[in-house]
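Colleague: Could you take me through this model step by step, giving the reasoning behind each answer?

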Amino acid sequence: MTHAQSTSIPSLVMEDHLGIVYVIETAQQFWSELEDILKLPNDDAPTLSQLDSTLRRFLAICATYHEQYLQSPLQLEHAFHLLLDSEIFQFHSERMCENIVDDARNTTDPHMLFILFQTLYFHGQRRVESLRNHKRWQPITPLLMDHVLVEIDPDVEDTFGGNNRNSVVLHGNVPVPIEVKLRSMSVKLLYEVCKVQKLTAQDLKIFDDDFIDYLFDLVEQTRYMQDETFNYSVIKLIVGLNEQFMVAGLGVDSTAKSGEPSNRVVRVLMRRLGMSKTFGENMIFMLNRAKHTSEDMCMQLLILKLLYVLFTTKGMSEYFYTNDLCVLVDVFIRELADLGDEHESLRHTYLRVLHPLLTKTQLRDVPYKRAQITMQLESLIANADIRDVNPTTKRLVERCLSGDWKSCKRFFLRS
């Protein structure tokens, strides 16, 4: 990759924990230093102290110079791949991660904290088991939440938009505020943890009503940002937390009022009826744009589970506008047709959600694309005499086809 920068960048002086002073003036020098730091001596096996020192020197240089030489996502990715491909992570990743978590809990430097979080994120993308380590993540979860809760003016944040893989995230020569970077990174890390861990009811107490409510506020506050990445990241965190509350089976929640759901995400959303339309609209938009990648399919599954809860919860079944529900029908028809047998579990989830979508929402009285729905459902179980039809698929399809939605005669013209 190309490391050269077209702009003139003032040199910074850095002194590491051993008193070694670095003065880096060019991108070429920066990348050379990173590569040199990771070269361990060949003659003797490195001591634990040498390994720890190598890690901290690498991270310190990244923290000092990331605003100059790690401006784009691609540059960040390349830097951390150098680290993760090195001997210190190939053979000593557990110790390195323990060092990183300890440093994250103790540092007061936001730039260092950002680099520490980035290292944990990229390591988790490579080795998902590191994200499942509950003992590792529990002590820094409050820290991540604190950075999510930092107030940032959406207009200021939007100035620094453009968080796609190929962009250099600068406005003129002004780097993205570190608070913006930390908040975005904290949301992503919390989502990754929610996606793969099974949190207990005790673990979930930290995600109280106020925090969930603030996440919904964030979705509304950032709805007009040109770059929707952060908005979608917050939505993914919300649906990830919903899954955790569902799996934990909290039963009676002492903070829930009489008649309210025990699921904290649904309860908070119910209290916000009329104030969280962007959340519903963008959730459907994300489902509509999802690709058949492992990441997007996981996101689809989480969204579908929240949709099921909303459609089957009294007082929430008509949360969505009718036109949004029609978009959902289009998505369901397409996905039921396109998903292959290797994605049967996701197809089953679509079928489980389709039934309450058609029978519990406004669509029970709005016959939108009924013929196409019926045709698609019947095609999933057709020709059972010459091909194997999954018994779960058959049962779910027959349940959908037996719903009273098919008897609706009222005509509907979509505007």
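Colleague: In which helix is K181 found, and is K181 buried or exposed?

Modeller: This is a predicted model, and in it K181 is found in helix α10. A residue counts as buried when its relative accessible area is under 20%. The relative accessible area of K181 is 13%, so K181 is buried.

Colleague: How far apart in space are K181 and H147, C-alpha to C-alpha?

Modeller: Along the sequence, K181 and H147 are 34 residues apart. In space, taken from C-alpha to C-alpha, the separation of K181 and H147 is 9.6 Å.

Colleague: What span should the 19 residues of helix α10 have, and how far apart are its end C-alpha atoms?

Modeller: Helix α10 covers residues 178–196, and at 1.5 Å a residue its expected span is 27 Å. Its covering can be added to the picture, since 15 of the 19 residues of α10 are buried, and α10 is thus described as mostly covered. The expected span agrees with the distance between the end C-alpha atoms of α10, which is 27 Å.

Colleague: Where is the kink in α2 centred?

Modeller: Helix α2 runs over residues 48–69, and its 22 residues should span 32 Å at 1.5 Å a residue, while its end C-alpha atoms are 29 Å apart, which agrees. Of these 22 residues, 16 are buried, and α2 is mostly covered. The helix has a kink of about 40°, and this kink is centred on A63.

Colleague: Is Q50 buried, exposed or partly exposed?

Modeller: Q50 has its place in helix α2, and it lies 9.7 Å from I88, C-alpha to C-alpha, although the two are 38 residues apart in sequence. Buried requires a relative accessible area under 20% and exposed one over 50%, with partly exposed in between. The value for Q50 is 36%, so Q50 counts as partly exposed.

Colleague: How are α3 and α6 oriented to each other, roughly parallel or roughly perpendicular?

Modeller: Two packed helices are described by the angle between their axes and the distance between the axes. For helix α3 (residues 73–85) and helix α6 (residues 110–126), the axes are 10 Å apart and the angle is about 70°. The crossing of α3 and α6 is right-handed. Angles of 65 to 115 degrees count as roughly perpendicular, and α3 and α6 are therefore roughly perpendicular.

Colleague: What is the phi of K369, and where is the place of K369?

Modeller: Most residues other than glycine have a negative phi. K369 is not a glycine, yet its phi is positive, at about 55°. With a relative accessible area of 30%, K369 is partly exposed. Its place is in the loop between α18 (344–359) and α19 (370–381).

Colleague: How far apart in space are L377 and L336?

Modeller: L377 has its place in helix α19, and at 0% relative accessibility L377 counts as buried. L377 and L336 are 41 residues apart in sequence, and in space, C-alpha to C-alpha, their separation is 8.1 Å.

Colleague: Is F211 buried or exposed?

Modeller: F211 is found in helix α12, which covers residues 209–221. F211 and M145 are 66 residues apart in sequence and 8.3 Å apart in space, C-alpha to C-alpha. At 3% relative accessibility, F211 counts as buried.

Colleague: How many disulfides does the structure hold?

Modeller: Two cysteines can be described by their covering, since C62 has 0% relative accessibility and counts as buried, while C97, with a relative accessible area of 1%, is buried. A disulfide needs a pair of cysteine sulfur atoms within 2.5 Å. The number of disulfides in the structure is 0.

How values were computed:
Residues are numbered from 1 along each chain as its sequence is written. This is a predicted model: local features need pLDDT of at least 70, side-chain atom pairs count only at pLDDT 80 or more; totals for chains, interfaces and linings use all residues. Side-chain values use heavy atoms; hydrogens and water are left out. Buried means under 20% relative accessible area, exposed over 50%, partly exposed in between (1.4 Å probe, protein chains only). Helices (H or I, at least four residues) and strands (E, at least two) are DSSP runs, numbered from the N terminus. The expected span of a helix is 1.5 Å times one less than its number of residues. The bend at a residue is the angle between axes fitted to the seven residues ending there and the seven starting there. Axes are lines fitted to C-alpha atoms, for helices over the stretch in contact, and angles run from 0 to 180 degrees between N-to-C directions. Angles under 35 degrees count as roughly parallel, over 145 as roughly antiparallel, 65 to 115 as roughly perpendicular and the rest as oblique. A crossing is left-handed if the near helix is turned anticlockwise from the far one by less than a right angle, and right-handed if clockwise.
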